[in-house]
Amino acid sequence: MNLESSVIDCHPASAPDYMAVSELNNLQLQRLRAVTTLAWDHVKLFRGRMDERNIQPKDIRSLEDIAQLPFTTKADLRDTYPFGLFATSMKDVVRLHASSGTTGKPIVVAYTQKDIDVWTSVLVRCFSGCGLHRGDIMQIAYGYGLFTGGLGAHYGAEGLGATVVPTSGGNADRQIMLMKDFGVTAMCCTPTYFLHLIDRAAEMGVDMKELPLRAGVFGAEPWTESMRAHIQKMSNIEAFDIYGLSEIIGPGVGCECRRHQGLHIFEDHFYPEIIDPETGATLPEGCEGELVLTTLSKQAMPMIRYRTRDITRILSGQCECGRTLRRIDRIGRRSDDMLIIRGVNVFPSQVETALLQIKGTLPHYQILLTRNQGLDQMEVRVEVTPQMFNDKIGALQELHRKLQSALDHVLGIRVRVALVEANSIERSEGKAKRVIDRRTA
Ligand SMILES: [Zn+2]
């Protein structure tokens, strides 16, 4: 039987989510061999690394053999800027996206028409898993343009048959007006931006709980379970975590289903592994480590064993929803995000978890790092509710004490806590800027 055509012919679009595991593994192996051959034939950097290891695509005989293949890193994308990792000729490339790149050149990613079709199909599967369908009105408030968020979600929502409202990022008042006037039922944006919309709606006298909005598909930055609880409480929607990265395809590498027990990876297209970030050794299922992804069907720019820097684990056992696709734990941290404060590893998500457990705080915070006489200082600025500021001074002192104790406990180091008024920390249109590092060497 031809697996490729059987998958494509299946209906509905999410049928591959329920494929028998043996069938899925056969398909993965077939595709792994094809993608390795494609990269070996056309990508100089990959061929060179294969030659160094004295291996060829024909040496891939089982899925476990993937561990023999070399890793690809973000540095490889920068070093080969702009088109050095392309495996197809430019005439077959129908789209280019690029990351904003904080320093120097951005990284560039490419798509053939078939890549765009795969991208659309995985997003349709994401949205279906969130219970969305034709008839839903979906507002896409991820940035459109070179960033993959906006256009990725847009094609997926259209592929689903939903009505798409392509607002892109920015202009919160207009976002809220359209959400209300158009009867939007689902919102796609970063969780931070949605928080901003919740606050702004309240200021405008719009009660988000009264709107038809019932779902939010949030991604492009790590966020926590506490943040989900806050968002759901304030807006009365069901909040879903979606995962993706431009290097692999954009949003749609994985997404939660309605059980909210981890994110299903669309592993017929993206093969996940967990490795020890220090040694590069493959870790057994269930162990926490760095997520490594291989694109099994990408044509324009195949990624073999791409190191995502995202820390998670593969959850064992089948999801109650019946999908056979494996799940990863929600990504709370990236190895890139790790701050080293006086020798202790600190992640911004730990701060978020600690502060959201304490009543009277708002989910807006910022970490300020300074260095005083060679010693690192960390200050956590946390917004508190207006009621708190109007309350007796004792209440504020009590809140400060609780926060101090929670943060000391979670982080294992003494930090300075500063309570600030609501709306005093700058809001973000996209990904939140959580850390300001003013340490100089
Ligand atoms: Zn599920």
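Helices are DSSP runs of H or I with at least four residues, numbered from the N terminus. With that convention in mind, the tour may begin; the model on display is a predicted one.

**First stop: the largest cavity**

Select helix α3, residues 44-53. This helix gives three residues to the lining of the largest cavity, the most of any contributor. The space enclosed there amounts to about 100 Å³. To see the whole wall, add A39, V43, L45, F46, R49, P70, F71, T72, L85, P302, M303 and I304 to the selection. Colouring these residues by class gives ten nonpolar, one polar and one charged. In the structure as a whole, there are five cavities of 30 Å³ or more. As a general principle, empty space is revealed by rolling a probe the size of a water molecule over the atoms.

**Second stop: a cis peptide bond**

Proceed to Y81 and P82, which are joined by a cis peptide bond with omega of about -5 degrees. P82 is placed in the loop between α4 (74-79) and β1 (95-98). Most peptide bonds are trans, and most residues other than glycine have a negative phi.

**Third stop: two positive phi angles**

Select S168, in the loop that runs between β4 (163-165) and α7 (172-181). Although S168 is not a glycine, its phi is positive, at about 60 degrees.

Next, select H260, which likewise is a residue other than glycine with a positive phi, here near 55 degrees. H260 belongs to the loop between β8 (250-256) and β9 (263-265). Its relative accessible area is 23%, so H260 is partly exposed.

**Fourth stop: the zinc ion**

Which atoms coordinate the zinc ion? Display the side chains of C257, H264, C319 and C321: the donors are SG of C257, NE2 of H264, SG of C319 and SG of C321, at 2.1 to 2.3 Å. Along the sequence, these donor residues follow the spacing C-x6-H-x54-C-x1-C.

Why is the arrangement around the zinc ion tetrahedral? The angles subtended by the four donor atoms run from 102 to 115 degrees, and four donors count as tetrahedral if all angles lie between 85 and 135 degrees.

Now colour two of the donors by accessibility. C319 has a relative accessible area of 4% and is buried, whereas C321, at 22%, counts as partly exposed.

**Fifth stop: cysteines without disulfides**

Select the cysteines and search for bonds between their sulfur atoms. Over the whole structure, the number of disulfides found is zero.

Centre the view on C130. The closest cysteine sulfur to that of C130 belongs to C255 and lies 3.8 Å away, which is too far for a bond; a disulfide requires sulfur atoms within 2.5 Å. C130 is itself buried, its relative accessible area being 2%.

Then move to C189. Its relative accessible area is 0%, and C189 is therefore buried. C189 is in no disulfide, and its nearest cysteine sulfur, that of C188, is at 7.7 Å.

**Sixth stop: two loop residues**

Is G219 buried or exposed? Select G219 in the loop between β6 and α9; at 1% relative accessibility, G219 counts as buried. Add P251 to the selection: G219 and P251 are 32 residues apart along the chain, and their C-alpha atoms are separated by 7.8 Å.

Select K209 next, in the loop between α8 and β6 (215-218). K209 is partly exposed, with 43% relative accessible area. From K209 to G394 the separation is 185 residues in sequence and 33 Å in space, C-alpha to C-alpha.

**Last stop: the second largest pocket**

Where should the view be centred for the second largest pocket? The volume of this pocket is about 730 Å³. Among its 29 lining residues, those closest to the centre are H230, K233, M234, L362 and T385. To follow the wall outward, show α8 (191-203), α9 (225-235), β18 (361-372) and α11 (386-390), the elements that each give two or more residues to the lining. By class, the lining of the second largest pocket comprises 13 nonpolar, eight polar and eight charged residues.

Technical notes. Residues numbered from 1 in each chain as written. Predicted model: local features only at pLDDT ≥ 70, side-chain atom pairs only at ≥ 80, totals over all residues. Heavy atoms only, no water. 1 Å grid on protein atoms, 1.4 Å probe; cavity = no way out; pocket = protein on both sides within 12 Å on 5 of 7 lines; lining within 4 Å. Points joined across faces, edges and corners; volume = space filled by probe spheres on them. Nonpolar A, V, L, I, M, F, W, Y, C, P; charged D, E, K, R; others polar. Donors = N, O, S within 2.8 Å, 3.2 Å for Na, K, Ca; no water. Tetrahedral: all angles 85-135°; square planar, octahedral: opposite > 155°, others 65-115°. Buried < 20%, exposed > 50% of the residue type's maximum accessible area, 1.4 Å probe, protein only.
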